[in-house]
Amino acid sequence: MKISAVICEFNPFHLGHKYLIDNIKKNVATHTVGIMSSNFTQRGEPSIISKMARTQIALKEGLDLIIEIPTIWSTASAEKYAFAGVYIANSLGCVDNLCFASETGNIKPLKIVSDTINSESFNIHIQKYLSTGITFAKARQLSIKEILGENYSSFLIHPNNILAIEYLKALSKLNSKITPYTIKRIGIYHNSTETFQNFASASYIRNLIKNKNQDFFKYVPKSSYEIISGEIASFNAPADINLIERAVLSNLRTMSKEEISNLYDISEGIEGRIFKFSKISSSLNELIQNIKTKRYTMSRIKRIILYSFLGITKYYSDLPITYIRVLGFNSKGLEILKKVKKSSSLPIITKFSEITNLDNISKTLFDKECLCTDLYNMSLPCPGPCGQEQKHKLVILKNGCENQIDL
């Protein structure tokens with residue numbers, strides 16, 4: 001058994017993802033694990049379809065076992081998101097490879113950049129640039145340019161390269177035995193508004209779906225199209241941050257400056273700007289534009305605004321991942337699970353009742369996940385009721401047919 005892990009959002013699952021998984025299964029792995037984001041993503045927004053619908057698609061398109069990255073980490077910066085995914089993969093105790101796409105498609109130069117970022121020399125350089133008030137991303141790029149040259153710093157322009165470097169950093173930090181494996185990303189760049197043959201960016205596809213443009217079928221596998229269409233028909237998709245805009249704004253307006261300062265990822269006094277402009281902004285876009293500074297990117301501001309709505313404070317940023325939660329599997333995934341139950345350093349959760357046997361930190365984390373799902377359901381075209389997280393059914397694919405059992 002050769003097991004490969006993929007850290008993913010699948011928001012939504014498209015032909016680029018299919019290309020990656022097919023490549024992994026052909027060249028690296030007999031069995032695959034998807035370590036997938038929860039209902040909210042790094043963009044500071046709800047995923048366009050739920051994690052359970054994305055689990056169904058991922059299993060139908062070739063992954064064998066789907067494990068959740070809890071919301072606290074699935075909405076974090078690239079560094080913390082990547083570390084959480086790698087930490088989960090490493091904790092399974094049986095993963096041979098961590099596989100990912102990158103614009104470079106070559107581990108060696110990515111490893112050079114990763115090792116440099118972990119060096120003392122890099123720390124000196126980046127502190128110098130950060131003191132000028134620029135974003136961390138820009139300071140990082142300039143530091144690498146100064147140490148390694150423009151060739152290497154250009155890698156940090158592209159988001160998949162950045163995530164790849166963060167994966168390599170995490171593997172090194174954990175002293176993991178997992179071997180990294182990358183393939184070259186094909187098609188168009190992240191967030192591109194253009195298409196190439198049948199390849200389109202996830203953001204382009206999301207816009208098609210939100211605008212009720214059926215052309216999105218060109219860029220996703222058949223099962224992805226069918227499941228997304230089914231979710232739309234039942235008013236369970238598309239999830240949209242704009243549907244909870246007033247709730248988010250009203251929640252912010254009730255918060256004190258001290259409460260805002262206690263949110264996850266707040267620093268450098270940005271709480272003052274959030275407090276001030278939440279009182280006068282009439283939309284989320286207006287609020288984000290008002291808050292934006294040279295140091296804070298739009299993505300980071302969107303994540304902080306989301307943290308305010310979900311109640312994710314600095315307290316949660318200090319908590320460790322304490323359990324591994326399974327969302328679904330097929331027959332090969334069951335083989336992985338049997339191995340994982342012997343090798344994992346963390347408890348494996350496949351049933352809701354198993355949460356009650358865990359420690360208080362684990363219960364706290366799961367309670368937060370339950371609340372996040374309750375609030376995610378408010379972003380749907382037809383708002384769903386509370387309590388769905390506790391009632392989720394584990395997705396099981398047998399002989400290509402889907403079954404569900406209580407989690």
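A disulfide is a pair of cysteine sulfur atoms within 2.5 Å. The exercises below concern a predicted model.

**Exercise 1. Cysteines**

Task: Find how many disulfides the structure holds, and examine C382 and C386.

Solution. Step 1: The count of disulfides is 0.
Step 2: For C382, the nearest cysteine sulfur belongs to C386 and is 14 Å away, and C382 is in no disulfide.
Step 3: For C386, the closest cysteine sulfur is that of C370, at 10 Å, which is too far for a bond.
Step 4: Add the accessibility of each residue. C382 has a relative accessible area of 43% and is partly exposed. C386 reaches 58%, and because the cut-off for exposed is over 50%, C386 is exposed.

**Exercise 2. Aromatic pairs**

Task: State how many aromatic pairs the structure holds, then classify the pair F10 and F13 and the pair F352 and F366.

Solution. Step 1: There are 11 aromatic pairs in the structure.
Step 2: In the pair of F10 and F13, the ring centres are 4.8 Å apart and the planes make an angle of 55 degrees, a tilted arrangement. Both of these residues are buried.
Step 3: The ring centres of F352 and F366 are separated by 5.7 Å, and their planes lie at 35 degrees. Planes under 30 degrees apart count as stacked and those over 60 as edge-to-face, so the pair F352 and F366 is tilted.
Step 4: Locate the two partners. F352 is in the loop between β9 (348–349) and α19 (360–376), while F366 is in helix α19, so the pair ties together parts 14 residues apart in sequence.
Step 5: Set their accessibilities side by side. F352 is partly exposed at 34%, whereas F366 is buried at 2%.
Step 6: Beyond the pairs, note one aromatic cluster made up of F216, F217 and Y225.

**Exercise 3. The surroundings of F366**

Task: Which residues is F366 in contact with, leaving aside neighbours within four places in sequence?

Solution. Step 1: Place the residue: F366 belongs to helix α19.
Step 2: The contacts of F366 are Y323, R325, F352, I355, E389 and Q390. One of them, F352, is also the ring partner of F366.
Step 3: For a long-range separation, take K25, which is 341 residues from F366 along the chain; the two C-alpha atoms are 33 Å apart.

**Exercise 4. Charges over rings**

Task: Which ring does the charged end of K173 sit over, and which does R300 lie over?

Solution. Step 1: K173 has its charged end over the ring of F83, at 5.1 Å from the ring centre.
Step 2: R300 lies over the face of Y296, and here the distance to the ring centre is 4.1 Å.
Step 3: Y296 also appears among the residues that T135 touches, along with L130, K294, R295 and T297, when residues up to four places away in sequence are not counted.
Step 4: T135 itself is in the loop between α6 (120–130) and α7 (136–148). Its relative accessibility is 15%, and because buried means under 20%, T135 counts as buried.

**Exercise 5. A helix pair**

Task: Describe how helix α14 (residues 270–278) and helix α15 (residues 284–291) pack.

Solution. Step 1: Two packed helices are described by the angle between their axes and the distance between the axes.
Step 2: The angle between α14 and α15 is about 140 degrees, and the axes are 9 Å apart.
Step 3: The crossing of α14 past α15 is right-handed.
Step 4: The residues making the contact are I270, R273, I274, F277 and S278 on the α14 side, and L287, N290 and I291 on the α15 side.

**Exercise 6. Backbone exceptions**

Task: Where do cis peptide bonds occur at P12 and P238, and what are the phi values of K212 and F235?

Solution. Step 1: Recall the background: most residues other than glycine have a negative phi, and most peptide bonds are trans.
Step 2: N11 and P12 are joined by a cis peptide bond with omega of about 0 degrees. P12 is in the loop between β1 (3–8) and α1 (15–27).
Step 3: The bond from A237 to P238 is also cis, with omega near 0 degrees. P238 is in the loop between α11 (222–233) and α12 (245–253).
Step 4: F235 lies in the loop between α11 and α12, and its phi is positive, near 65 degrees.
Step 5: K212 has a positive phi near 60 degrees. This residue is in the loop between α10 (202–210) and α11, and at 75% relative accessibility K212 counts as exposed.

Technical notes. Residues are numbered from 1 along each chain as its sequence is written. This is a predicted model: local features need pLDDT of at least 70, side-chain atom pairs count only at pLDDT 80 or more; totals for chains, interfaces and linings use all residues. Side-chain values use heavy atoms; hydrogens and water are left out. Rings of Phe, Tyr and Trp (its six-membered ring) pair if their centres lie within 6.5 Å; planes under 30 degrees apart count as stacked, over 60 as edge-to-face and the rest as tilted. Buried means under 20% relative accessible area, exposed over 50%, partly exposed in between (1.4 Å probe, protein chains only). Helices (H or I, at least four residues) and strands (E, at least two) are DSSP runs, numbered from the N terminus. A charge sits over a ring if NZ of Lys or CZ of Arg is within 6 Å of the ring centre and within 35 degrees of the ring normal. Axes are lines fitted to C-alpha atoms, for helices over the stretch in contact, and angles run from 0 to 180 degrees between N-to-C directions. A crossing is left-handed if the near helix is turned anticlockwise from the far one by less than a right angle, and right-handed if clockwise. Contact means heavy atoms within 4.5 Å.
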